[in-house]
Amino acid sequence: MTESPSSAAHGMPAIHVAAAVLIDRRGRILIAQRPAGKHLAGSWEFPGGKIEPGETRTAALARELKEELGVTIERPRPLLRLRHAYPYGEVLLDVWVVRRYRGEPRGLDGQALQWCSRRELPDVELLPADQPIVDALRLPERLRQATSPFYEILTCEDFCHPARGHPPRLLGFLCRQRSDAERCAAAADFLVMREPLRHDDLRALCAGVDLPVYARGVALERAWALGATGVNLIAERV
């Protein structure tokens, strides 16, 4: 994942990066090691790189993975957006899950590559900006239950007094309106829509919060196209 030292702290915009969680048929996840001479050399990261001016996020992702790994990707799905401040400036990461690709990944920039199971991934020395991605990968594409060993979901009415469970569990908020979701975003790890949103509102919500969003009343691939991580299929609404 290439980065340039532009800096929000020095009046420059954040570095906008597209990154991929590339998953093979065995469910393993690909990570790359930053080579000597790079910032945080030796740390591991999810492959990807800087989005060029005028380039869409998916086009940048496809280009970077072709240049870095020699693979051609198909149908990436959004996972989350996140921001991280490094000493040289702020990075805005658009993270995508890629399960369909052609070619065998190779380190075309001389970077070491490693396949990890989901169980191994938390023990890897990842870049600080990449740590929230590991948590987000515990969330399913289709949300069918209000609680699990990995997460719990509260209603947006609980926002003022969120009662978190055990620290390893992710916290989601169930929201009716876009405004409710935007209000709860500060305390949430992910957002779940209780009612269908207009497509323009869903797209704006997903672009405006650095969290996974679960849409209601829309097909999964359409939800991905609008920027959502997945869909809410919980039968009995909490």
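# Exercises on a predicted protein model

Among contacts in the protein (heavy atoms within 4.5 Å) between residues at least 6 apart in sequence, 55% join residues at least 24 apart. The model is predicted, so to speak of local features a pLDDT of at least 70 is needed, and side-chain atom pairs count only at pLDDT 80 or more, whereas totals for chains, interfaces and linings use all residues. Residues are numbered from 1 along each chain as its sequence is written, and side-chain values use heavy atoms, with hydrogens and water left out.

## Exercise 1: the whole chain

Task: State how many helices and strands the protein has, and what share of its residues is buried.

Solution: Begin with the secondary structure, where helices (H or I, at least four residues) and strands (E, at least two) are DSSP runs, numbered from the N terminus; the protein has five helices and 15 strands. Next, take burial, for which buried means under 20% relative accessible area, exposed over 50%, and partly exposed in between (1.4 Å probe, protein chains only). By this rule, 49% of the 238 residues count as buried.

## Exercise 2: one face of helix H1

Task: Find which residues of H1 are buried, and explain why they line one face of the helix.

Solution: Helix H1 covers residues 57–69, and its 13 residues reach 18 Å from the first C-alpha to the last, close to the 18 Å expected at 1.5 Å a residue (the expected span is 1.5 Å times one less than the number of residues). The buried residues of H1 are Ala60, Leu61, Glu64, Leu65, Glu68 and Leu69. Seen down the axis of H1, these buried residues fall within an arc of 125°, so they line one face of the helix; the arc is that of the directions from the helix axis to the C-beta atoms. Their cover includes, among other strands, E1 (15–22) and E7 (89–98). After H1 comes Gly70, whose phi is positive, near 75°.

## Exercise 3: the parallel sheet

Task: Give the order of the strands in the open sheet of six strands, and name its edge strands.

Solution: The order is E10-E15-E14-E13-E12-E11, with parallel pairing, where two strands pair if DSSP finds at least two bridges between them. The edge strands are E10 (142–143) and E11 (151–155), each of which pairs on one side only. Within the sheet, E12 (residues 170–175) is joined to E13 by four bridges, and the bridge partner of Gly172 in E13 is Phe190. E13 and E14 pair over two bridges, with Leu191 opposite Val213 in E14. The chain crosses from E13 through H4 to E14 in a right-handed β-α-β crossover, a term that applies if, with the strands pointing away from the viewer, the path from the first strand over the helix to the second runs clockwise.

## Exercise 4: helix H4 beside the sheet

Task: Decide which residues of H4 are buried and which lie on the face turned away from them.

Solution: In H4 (residues 199–208), Asp201, Leu202, Leu205 and Cys206 are buried. They cover an arc of only 130° around the axis, which puts them on the same side of H4. The face turned away from this buried side carries the exposed residues Asp200 and Gly208. Finally, the buried residues of H4 pack against several elements, including E13 (190–193) and E14 (213–215).
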